[in-house]
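Subject: Structure for your review

Dear colleague,

Please find below the structure that I am handing over to you, followed by an account of what was found in it. I should be grateful if you would read the two side by side.

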Amino acid sequence: MKLATRVFLIFSSGYFISYLARGINLPLAPLLSSELGLSPAQLGLLTSLYFFAFAACQLPLGLLLDRFGPRRVLACLLLVAATGALVSANAHGFGSLLVGRLLLGIGTSACLMAGLKAIVAWFPHDHLPLMNGAIYAIGGLGAVATGTPIAWALGVTTWRVLFVVVAGLILLIVLGLFTLVPEKDEQHPESSLETQLRDIGAIFRSAVFWRTAPFVMASQGVFLGVQGLWAGPYLRDVSGLAPVAAANIVALAGLAMVLGAVGSGWLARRLQQRGISLHVTAGAGMFLFMLAQLLILLDAPAPGWLLWGMYGVFGTSGVLSYAALVREFPSHLAGRVSTGLTLAIFAGAFVVQYGFGLLLNAWPHDGGGYAVVAHRASWMIALVVQLAAGAWFCRPLRTVAARAANQPA
């Protein structure tokens, strides 16, 4: 096995476990609600706390990745994640669950960014869209696991044992990072904290960053927030599916995400060769993701597996923006550019996941389900926000096109 491929597989395994930890509350939600008496708002806060911790770590994480490299940073943080999984396994109240979830969010906060940073270091730049899509796809297998596989596992064991298994898998990845991944001879520039913060400020003042970030934040925030918790309740309450059927749809959406991530990376590379930029391809995919949500919301006359398959395929489109933005900045800022975008994405996911919980809690509900009108209101608000962000994303493109059209021949 080529060394670069081995490095990719180990780092992508980290992102797989990150996705598994992120979405594990979806199949566990009914058990946590009944065993510990959690309300929809508490369940939304508990699950979204992962995104809050993830987002809060991104800016310092960018500095660490650019200074020390992805191998050491990821290995150290995954030890925190393993601790969080063990705390969750032994939790007997809402407070201890919150602590475990917080540690899981902090500990897995480097999984995607470290993987993207490793890809920049180990692969040619023209392979970045494809490899970024591939690592996202392997993470998507973690989303598949939160559907039918975990539903099956809960039939033979308890949710506490599942958290112990997650901790064991995390420790295996740490072992792989220490024994199978060599240090890459990279240039990590020595710079003062003031210089590093000034570089971050330059990224956040960049027009291209703020053209892209709001749309990606809204699109990916909705995708992650819904897929990680509220897809199952929607399928149960609005679509009227039994738990097993809902779990199958969730797994299917995760599998579709895998195919979409790989396919979008391949397609983006081909379109680039024809002169179509990554920004355009990513934007088109995010608009198609909005179309998939609208069809689900309107209960379009099509099979549920097809609609949710579209949801999964196009839900990953925003990941193309990572490769697009990295190219707009000097290479030594790659970690900070990626973590800046991730900060926006996971802040959006926190707002979506907790906000949906608050809305579901605002309508009368019982232990068996939530009001259909609450689900629909949540999705409608999310679509309006994405539409506004999409209009902002397109405005500079129209401006540039109009300027070019007015140039003298």
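In helix α4 (residues 58-68), the buried residues are Q58, L61, G62, L63, L65 and D66. Please bear in mind that this is a predicted model. Directly after α4 comes G69, which adopts a positive phi of about 90°.

Helix α5 (residues 70-89) packs against α4 with the two axes 7 Å apart and at an angle of about 130°. An angle between 115 and 145 degrees is neither roughly perpendicular nor roughly antiparallel, and α4 and α5 are therefore oblique to each other. On the α4 side the contact is formed by L61, L64, L65 and F68; α5 contributes P70, R72, V73 and L77. Of these, L61 and L65 also appear among the buried residues of α4.

Turning to the aromatic residues, the count comes to 22 aromatic pairs. One of them joins W159 and F163, whose ring centres are 6.2 Å apart. Their planes meet at 85°, and planes over 60 degrees apart count as edge-to-face, so this pair is edge-to-face. Both residues belong to helix α10 (residues 159-180), where they are four residues apart, about one turn of the helix. W159 and F163 are both buried.

A further pair, F215 with F287, is tilted, with 5.1 Å from centre to centre and 55° between the planes. This pair links distant parts of the chain, since F215 lies in helix α12 (residues 207-237) and F287 in helix α14 (residues 278-297), 72 residues apart. How exposed or buried is F215? Its relative accessible area is 0%, under the 20% limit, so F215 is buried. F287, by contrast, has a relative accessible area of 31%, which lies between 20% and 50%, and is therefore partly exposed.

Ring pairs also connect F223, Y234, F289, W308, Y311 and W379 into a cluster. In addition, two arginines sit over aromatic faces: R22 lies over the face of Y19, at 4.2 Å from the ring centre, and R211 lies over the face of F393, at 5.1 Å from the ring centre.

Y19 is involved in another interaction, this time with Q227, through a polar contact of 3.4 Å between the two side chains. Q227 is located in helix α12. With a relative accessibility of 8%, under the 20% limit, Q227 counts as buried. Which residues does Q227 touch, not counting residues up to four places away in sequence? They are Y19, L26, A143, V222, G254, M257 and Y311. Y311 is also a member of the aromatic cluster described above.

Two residues of helix α13 (residues 243-273) complete this account. S264 lies in that helix and, at 14% relative accessibility, counts as buried. Leaving aside residues up to four places away in sequence, S264 touches T316 and L320. A245 lies in α13 as well. At a relative accessible area of 30%, A245 is partly exposed. Between the C-alpha atoms of A245 and A374 there is a separation of 22 Å, the two residues being 129 residues apart along the chain.

With kind regards

Key. Residues numbered from 1 in each chain as written. Predicted model: local features only at pLDDT ≥ 70, side-chain atom pairs only at ≥ 80, totals over all residues. Heavy atoms only, no water. Helix = DSSP H or I, 4+ residues; strand = E, 2+ residues; numbered from the N terminus. Buried < 20%, exposed > 50% of the residue type's maximum accessible area, 1.4 Å probe, protein only. Phe/Tyr/Trp six-rings, centres within 6.5 Å; stacked < 30°, edge-to-face > 60°. Lys NZ or Arg CZ within 6 Å of the ring centre and 35° of its normal. Polar contact = N/O pair within 3.5 Å; in protein donor to acceptor, adjacent residues only side chain to side chain. Contact = heavy atoms within 4.5 Å. Axes fitted to C-alpha atoms, helices over the stretch in contact; angles between N-to-C directions. Parallel < 35°, antiparallel > 145°, perpendicular 65-115°, else oblique.
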